[in-house]
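Q: Please take a close look at one part of this structure, the second largest pocket, and tell me what lines the pocket and what lies around the lining. I am new to this structure, so a connected account would help.

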Amino acid sequence: MHPGYDEVLVRLKDHLQKVAGKGKQFSDDTDLVSQLGLDSVKVLDLIMEVEDEFDISIPMNVLTEVHTVRDLAEAIAQLRSRH
Amino acid sequence: MSLFNKFDQLARDRAALLSSGFDPFGAPIEQVFSPTEALINGRRIILAGTNNYLGLSFAPECLSAAHEALDREGTGTTGSRMANGSFSGHRALERELAEFYGCRSCIVFTTGYQANLGMISGLTGPGDVLMIDADCHASIYDGCKLSGAEVIRFRHNDAADLKKRMRRLGERVSSTLIIVEGIYSMLGDRAPLADIVAVKQEIGGYLQIDEAHSLGVLGETGQGLIEEAGVGDQVDFVVGTFSKSLVGIGGFCVSNLPELDLVRYVSRPYVFTASPSPSVIASTRAALKLVRDGRHLRERLWRSARRMYRRLADLGYRLGPEPSPVIAVMVDTREQALAFWYGLFEHGIYVNLVFPPAAPGDKSLVRCSVSAAHTDQQIDHICEAFAALRPMVTSATAS
């Protein structure tokens, strides 16, 4: 697990809650597309907002491996540790 | 789980399409009468979705050049440009395209799709960065995959977003290729090229523009957006296609950078395919002259495009953000778009039907392309059909 992962996860969940709506329940293992009710276009929009939130760019090559909330948090933490 | 499970949904969607009549994705064109009229499914139809922007597909100069090359050099080259497939015509077309753009050199590819695949995968690889507009064409996305470089998207036509993302790269900008398009194929909007060039000038990197839909359409001599924006000398690589205004099939890249000549040797989509047929090369050379001298065609094209855009906007259709020869009507659902497409066909009009994810966002498109060869009467007929069908897309009111 990369340094800062826990902090990233908390901020990411806050952001996802706003996008998905207050009534939507999700965990670290929730699939962004099939379980969070976001279609692939909305996920790409969401990713761009998350990139701004963390001031990073997530390469598309990395996104192919991202399915769950946890995957996304790990990818963000890894990219932030590069800087 | 079998190899074909992933086709289950597609098979159901296709069956539904075919039950409506014939498949809009591959409408059978039985006879072509002119650049703007054909026989489809037994009916004489106005073509309003062909990308034949200057209407040159029956130009006598192109036809006679193709016939002559066919008789002189045969039907095909049967080989790669790197083997037996570089005829004198291929080299001549490369010289003429380089001269047309005032560039040092040019590479001709077998298709426009391969021009993007070949340039992107030839120029970049693992360790490099590709910074692409989010609405770029599939050929650009596929070229990115083939390259193995890191791929980052910036928000469509947003130079500030590009700048922010370029800044994040730090020293890696020196191995970064930015990619944009002159006119975007789905909504017909132009890149803010001067702003994008300014970002490149300030932060660094290289810039490639795909002029597939803007070649022949924009600029005094039809070079495309680089000419209209007056920034040709600031763009590193210009890619284009022969299959739209140049009415053949093939693609190219021109550049002033000497490294372009080396791309031939490392570009797999260039090396491992047969070169374009001699007749295609000959007709493209003839068409290039007509494009360069075709100011009157561009004027006619833009007059019809603006008239049709204005009329459809007045009818309340939700369109792309600016008048263009590509006029896309946005529709909320696939079902509405499909019904609308059949409705237009019943009125004797062929357009393109586009479903997500081929269209930006989550909308479906009924996409028209205007040609300089369309008569005023044909444009009127198309507009009247859109007026008659307006109640079918009640949700598509202009925002």
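A: What follows starts at the pocket, moves on to the aromatic rings, and ends with charges over rings, cysteines and one glycine.

The model is a predicted one, and every value below is computed from it. The second largest pocket holds about 300 Å³ of space. Its lining is made up of B:L10, B:D13, B:R14, B:A16, B:L17, B:D23, B:F25, B:R334, B:E335, B:L338 and B:F355. Two helices of chain B, α1 (8-19) and α13 (334-346), each give at least two residues to this lining, and α1(B) provides the largest share, with five residues. Sorted by character, the lining of the second largest pocket has six nonpolar residues and five charged ones, with no polar residue among them.

Two of the lining residues, B:F25 and B:F355, also lead to the aromatic side of the structure, where 12 aromatic pairs are found over all chains. The ring centres of B:F25 and B:F355 lie 5.4 Å apart with their planes at 70°, and because planes over 60 degrees apart count as edge-to-face, that is the class of this pair. The pair joins distant parts of the chain, 330 residues apart: B:F25 is in the loop between α1 and β1 (29-34) of chain B, whereas B:F355 is in the loop between β13 (352-354) and β14 (364-369) of chain B. The two rings also fall into separate accessibility classes, since B:F25 is partly exposed with a relative accessible area of 40%, while B:F355, at 15%, counts as buried.

Another edge-to-face pair is formed by B:W341 and B:Y342, whose ring centres are 5.3 Å apart and whose planes stand at 85°. Here B:W341 is buried, with a relative accessible area of 0%, and B:Y342 counts as buried too, at 14%. Elsewhere in chain B, ring pairs connect B:F100, B:Y101, B:F242 and B:F252 into a cluster.

Rings can also have a charge placed over them. B:K6 lies over the face of B:F7, at 5.6 Å from the ring centre, and the charged end of B:R390 sits over the ring of B:Y317, at 4.9 Å from its centre.

Turning to the cysteines, the count of disulfides over all chains is zero. A disulfide needs two cysteine sulfur atoms within 2.5 Å, and two examples show how this works out. For B:C136, the closest cysteine sulfur belongs to B:C144 and is 7.6 Å away, which is too far for a bond. For B:C253, the closest one is in B:C106, at 7.4 Å, and that is again too far for a bond. B:C136 is buried, at 6% relative accessibility, and B:C253 is buried as well, at 0%.

A last residue to place is B:G79, which is found in the loop between α2 (60-73) and α3 (88-101) of chain B. B:G79 has a relative accessible area of 9%, and because under 20% counts as buried, that is its class. Its C-alpha atom is separated by 33 Å from that of B:V217, a residue 138 positions away along the chain.

Key: Residues are numbered from 1 along each chain as its sequence is written. Chains are lettered from A and ligands numbered from 1 in the order in which they are written. This is a predicted model: local features need pLDDT of at least 70, side-chain atom pairs count only at pLDDT 80 or more; totals for chains, interfaces and linings use all residues. Side-chain values use heavy atoms; hydrogens and water are left out. Buried means under 20% relative accessible area, exposed over 50%, partly exposed in between (1.4 Å probe, protein chains only). On a 1 Å grid over the protein atoms alone, a cavity is a set of points where a 1.4 Å probe fits but cannot get out, and a pocket is an open set with protein on both sides within 12 Å along at least five of seven lines; lining residues have an atom within 4 Å of a point. Grid points are joined across faces, edges and corners, and a volume is the space filled by probe spheres set on the points. Helices (H or I, at least four residues) and strands (E, at least two) are DSSP runs, numbered from the N terminus. Ala, Val, Leu, Ile, Met, Phe, Trp, Tyr, Cys and Pro count as nonpolar, Asp, Glu, Lys and Arg as charged, and the others, Gly among them, as polar. Rings of Phe, Tyr and Trp (its six-membered ring) pair if their centres lie within 6.5 Å; planes under 30 degrees apart count as stacked, over 60 as edge-to-face and the rest as tilted. A charge sits over a ring if NZ of Lys or CZ of Arg is within 6 Å of the ring centre and within 35 degrees of the ring normal.
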